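Reader: I have a structure open on my screen and would like to learn how to read it. Could you walk me through it?

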Amino acid sequence: MDQIRVHDKIFVPFIAADQIKRRVEELAQQISADYKDKRPLLLAVLNGSFMFAADLFRSLTIDAEISFIKIASYQGMRSSGKVVTAIGMEQDLGGRDIILVEDIVDTGKTLHHFIPTLQQQHPASIAVATFLHKPDATIFPLTLTYVGFSIPNRFVVGYGLDYDGLGRNHYQVYQLAEETTKES
Ligand code: IMP
């Protein structure tokens with residue numbers, strides 16, 4: 001399959017659509033077994049996870065709910081630390097088994113800062129399901145229970161993931177092409 005251009009960059013095919021489909025089904029089977037009779041609530045983190053979340057959710061064979069949230073972080077007025085909130089989290093999460101659904105865990109910063117916010121609502125459990133993980137880039141401690149693919153630390157697009165707003169609408173995942181260095 002051919003390379004694509006997104007904005008000014010060239011991307012090459014990396015994970016094929018059929019491979020993604022198989023892996024997502026495997027994760028769904030695993031989740032269905034782990035959460036049998038628990039009716040988990042999937043919290044899909046927008047924007048990037050919408051495709052993964054939809055495919056994962058419809059492959060589940062157990063009762064489950066899904067809700068979509070957007071994580072916003074801003075500098076607190078008085079504290080020097082980042083305050084992380086979620087938009088769209090109206091449901092009562094008390095006692096629920098939560099599965100956070102992410103497109104990619106890179107540094108781990110987003111979820112590392114967001115999970116304590118979730119814990120304040122006293123859910124029964126919190127697990128993370130991420131489509132992609134870049135272990136070499138992850139510096140914030142996180143437990144990732146369900147990982148679609150562990151990938152090298154190189155920028156990717158497709159299957160919901162974007163480069164500056166574009167590139168989400170592909171069935172497969174593309175990786176940034178190697179920079180070619182010109183001989184001088
Ligand atoms: P983290 O907080 O560093 O783990 O970053 C997670 C977020 O960064 C993801 O939800 C993506 O929106 C974005 N991101 C990180 N790496 C990539 C990539 O290779 N392609 C597209 N988005 C990425």
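Reader: Let me start with the ligand. Which residue has a polar backbone atom 2.8 Å from an oxygen atom of the ligand?

Author: Happy to help, and please keep in mind that this is a predicted model. When reading a polar contact, look for a pair of N or O atoms within 3.5 Å. Here, a polar backbone atom of G108 lies 2.8 Å from a ligand oxygen. The backbone of D106 also offers an N or O atom, 2.8 Å from an oxygen atom of the ligand. On the nitrogen side, a polar backbone atom of V156 is 2.7 Å from a nitrogen atom of the ligand.

Reader: How much of the ligand does the protein bury?

Author: To read burial, start from the area that the ligand exposes when taken alone, which is 500 Å². The protein buries 80% of that area. As for the site, the space taken by the ligand is the largest pocket.

Reader: Which elements give two or more residues to the shell around the ligand?

Author: They are β6, residues 97-105, and α3, residues 109-119. The largest share comes from β6, with 4 residues. In total, 14 residues surround the ligand, and the closest are T107, G108, T110, K134 and V156.

Reader: What is the make-up of that shell by class?

Author: Sort the residues by side-chain class: the shell has 5 nonpolar, 3 polar and 6 charged residues.

Reader: V156 came up twice, so let me turn to strands. What is the strand order of the open sheet of 4 strands?

Author: The general idea is that strands of a sheet pair through backbone hydrogen bonds, either parallel or antiparallel. In this structure the order is β1-β2-β10-β9, and the pairing is antiparallel. At the edges are β1, residues 4-6, and β9, residues 156-157, each pairing on one side only.

Reader: Where does V156 find its bridge partner?

Author: In β10, where the partner is Q175. The strands β9 and β10 (residues 173-176) are antiparallel and share 2 bridges.

Reader: How many bridges join β2 and β10?

Author: There are 4, again in the antiparallel sense. F11, for instance, has L176 in β10 as its bridge partner. F11 in β2 is also the bridge partner of I4. That second pair belongs to the antiparallel run of β1 and β2 (residues 9-15), joined by 3 bridges.

Reader: And what should I look for in the hairpin of β1 and β2?

Author: Check the turn: 2 residues lie between the strands, and H7 takes a positive phi near 50°.

Note on methods:
Residues are numbered from 1 along each chain as its sequence is written. This is a predicted model: local features need pLDDT of at least 70, side-chain atom pairs count only at pLDDT 80 or more; totals for chains, interfaces and linings use all residues. Side-chain values use heavy atoms; hydrogens and water are left out. A residue is near a molecule or strand if one of its heavy atoms lies within 4 Å of it. A polar contact is a pair of N or O atoms within 3.5 Å; within protein, one must be able to donate a hydrogen and the other to accept it, and residues adjacent in sequence count only if both atoms are side-chain atoms. Accessible areas come from the Shrake-Rupley method with a 1.4 Å probe; for residues, only the protein chains shown count as cover. On a 1 Å grid over the protein atoms alone, a cavity is a set of points where a 1.4 Å probe fits but cannot get out, and a pocket is an open set with protein on both sides within 12 Å along at least five of seven lines; lining residues have an atom within 4 Å of a point. A molecule sits in a cavity or pocket if more than half of its atoms lie within 2 Å of its grid points. Ala, Val, Leu, Ile, Met, Phe, Trp, Tyr, Cys and Pro count as nonpolar, Asp, Glu, Lys and Arg as charged, and the others, Gly among them, as polar. Two strands pair if DSSP finds at least two bridges between them.
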